[in-house]
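Reader: I have the structure open beside me and would like to check the labels one by one. Could you take me through the reasoning behind them?

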Amino acid sequence: MLEVKQVSKWFSQQRGVSEIDFAMNRGEIVGFLGPNGAGKTTTMRMITGYLNPTSGSILVDGLSMAEHPKKARRQIGYLPETPPLYPEMTIASYLKFVADLREIPRREQKSRIGEVIEKLGLQGREKQIIRSLSKGYKQRVGLAQAILHKPDLLILDEPTSGLDPNQIIEIRQLIRELGENHTVLLSTHILPEVHAICTRVLIINKGRIVLDNKPEQIAQSMGQAFEVKLEVRGPLETVKEQLEQLDTVESVQVIEAAAEESEENSTRLLVVSRDRQDIREALFFRMAELGYPIIGMERERMSLEDIFVKLTTEETEGIANSDGSGESDDSEGSDDSPVESSGKQDEPVKAEEDGEVTRHG
């Protein structure tokens, strides 16, 4: 559905992103993570056609953004971090305006607007002035304009930024539902959101992709050992010795020894497997043979937060940015940025600095 091939972007002799390379298949919801200034927004603006890459190519459903920009953009729905809304319009009039910009045939506009209003839970608010909406509902209207023309690819930049917990839950559920019929690239700073929504994770740092994997496979791809936290009721030295004798166990570390006066007499251990094998079954049967009851057993995993910090701190700068370059996303608005002309009727609705839609002359 989306192919980003060796894409680089320069700003004033500084490289914003360097040889970005990834692809997305239909139906994927991909989380796009990175610290501030890593290149997320630059990349998303190039994908949507707001910026031209300095080098490389972007294909949307097989269409080159450089060679067939009008057709490629028709496949994309874009929600920038600040929704591109006119606060003085009603929801219905705004969506009618967007439908005209998108060149949706007039005979289809009423039914299409009705569909997105129902999907985004905006029924009964069609005549409400956008200025009077809560931030959560403004985000819903922003999503409505992004899917109005039935795009195959959705680009969502920080869709839950600034929302309260209830609004975040609502928007996440909407994104899951949208993912059933669309391919979604989702930029976010909220790491638990990736686990809650995404089927795949991209992490960018210093303008380079440093990780591309499924959430459940990230720890293994980072070379993390298979570790198990084990709580056993039994004599410490015997339990430790018996576990160390297993062929599949690399090491056993005492986390917390049982207090002598404790009636439970249980000990907590960290058991590391050899060659990253799953040792939970072997631990269970060995303790069962000895008659020592297992009170608890839990696999220890690196959290996404741990992985994010590891990949984006100065210690891994050589991996993240081997050429020592990189430019903050703030450079995207520089005067020499080759922004696409706003005179094309099929462009995604543009967002000005004040969050309003760019009027097409």
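Reader: What makes Lys138 count as partly exposed?

Author: Happy to start there, with the reminder that this is a predicted model. The relative accessibility of Lys138 is 27%. Buried means under 20% and exposed means over 50%, so Lys138, at 27%, counts as partly exposed. Its place is in helix H5.

Reader: Which residues is Lys138 in contact with, leaving aside its neighbours within four places in sequence?

Author: They are Pro83, Leu85, Ile130, Arg131 and Leu133. Contact here means heavy atoms within 4.5 Å. The C-alpha atoms of Lys138 and Pro87 are 9.5 Å apart, with the two positions 51 residues apart along the chain.

Reader: How do you know that H5 is mostly covered?

Author: Ten of its 13 residues are buried. They are Gly136, Gln139, Arg140, Val141, Gly142, Leu143, Ala144, Gln145, Ala146 and Ile147. These residues pack against strand S6 (76-79), H3, H4, S7 and helix H6 (165-178). The length of H5 is also close to expectation: from first C-alpha to last it reaches 19 Å, against the 18 Å expected at 1.5 Å a residue.

Reader: Which residues does Leu143 touch, not counting those up to four places away in sequence?

Author: Leu143 touches Leu79, Leu120, Leu156, Ile171, Leu174 and Leu178. Leu143 is also among the residues with the most contacts inside the largest nonpolar core, which has 46 residues. The others named with it are Tyr94, Leu95, Ile130, Val141 and Leu156. Helix H3 (residues 91-101) gives this core its largest share, seven residues. Another core, of 28 residues, lies apart from it and includes Met24, Val30, Met46 and Ile47.

Reader: What makes the span of helix H4 agree with its number of residues?

Author: H4 (residues 106-119) has 14 residues, which at 1.5 Å a residue should span 20 Å. The C-alpha atoms at its ends are 20 Å apart, so the two values agree.

Reader: Why do the buried residues of H4 line one face of the helix?

Author: The buried residues are Gln109, Arg112, Ile113, Val116 and Ile117. Seen down the axis of H4, they fall within an arc of 135°, so they line one face. A general point helps here: an α-helix has 3.6 residues a turn, so residues three or four places apart point the same way. On the other side of H4, Arg107, Lys110 and Glu118 are exposed. The cover over the buried residues includes H3 and helix H5 (135-147). Just after H4, Gly121 takes a positive phi of about 70°.

Reader: Which residues other than glycine have a positive phi?

Author: Glu19 and Lys150 are among them: phi of Glu19 is near 50°, and that of Lys150 is about 55°. Glu19 is in strand S2, whereas Lys150 lies in the loop between H5 and strand S7 (153-157).

Reader: Why is Lys150 called exposed, and why is Glu19 called partly exposed?

Author: Exposed means over 50% relative accessible area. Lys150 has 52%, so it is exposed. Glu19 has 45%, which lies between the limits of 20% and 50%, so it is partly exposed.

Reader: Why is the aromatic pair of Phe22 and Phe32 called tilted?

Author: The planes of Phe22 and Phe32 are 40° apart. Under 30 degrees would count as stacked and over 60 as edge-to-face, so this pair is tilted. The centres are 6.3 Å apart, and the limit for a pair is 6.5 Å, so the two rings do pair. A search of the whole structure finds four aromatic pairs.

Reader: What does the pair of Phe22 and Phe32 tie together?

Author: Phe22 lies in strand S2 (residues 14-24) and Phe32 in strand S3 (residues 29-33), so the pair ties together parts ten residues apart in sequence. Both Phe22 and Phe32 are buried.

Reader: Which charged end sits over the ring of Tyr137, 5.0 Å from its centre?

Author: That is the charged end of Arg140. Arg125 also lies over the face of Tyr137, at 4.0 Å from the ring centre.

How values were computed
Residues are numbered from 1 along each chain as its sequence is written. This is a predicted model: local features need pLDDT of at least 70, side-chain atom pairs count only at pLDDT 80 or more; totals for chains, interfaces and linings use all residues. Side-chain values use heavy atoms; hydrogens and water are left out. Rings of Phe, Tyr and Trp (its six-membered ring) pair if their centres lie within 6.5 Å; planes under 30 degrees apart count as stacked, over 60 as edge-to-face and the rest as tilted. Helices (H or I, at least four residues) and strands (E, at least two) are DSSP runs, numbered from the N terminus. Buried means under 20% relative accessible area, exposed over 50%, partly exposed in between (1.4 Å probe, protein chains only). A charge sits over a ring if NZ of Lys or CZ of Arg is within 6 Å of the ring centre and within 35 degrees of the ring normal. A nonpolar core is a set of buried Ala, Val, Leu, Ile, Met, Phe, Trp, Tyr and Cys residues joined through side-chain atoms within 4.5 Å. The expected span of a helix is 1.5 Å times one less than its number of residues. The arc is that of the directions from the helix axis to the C-beta atoms.
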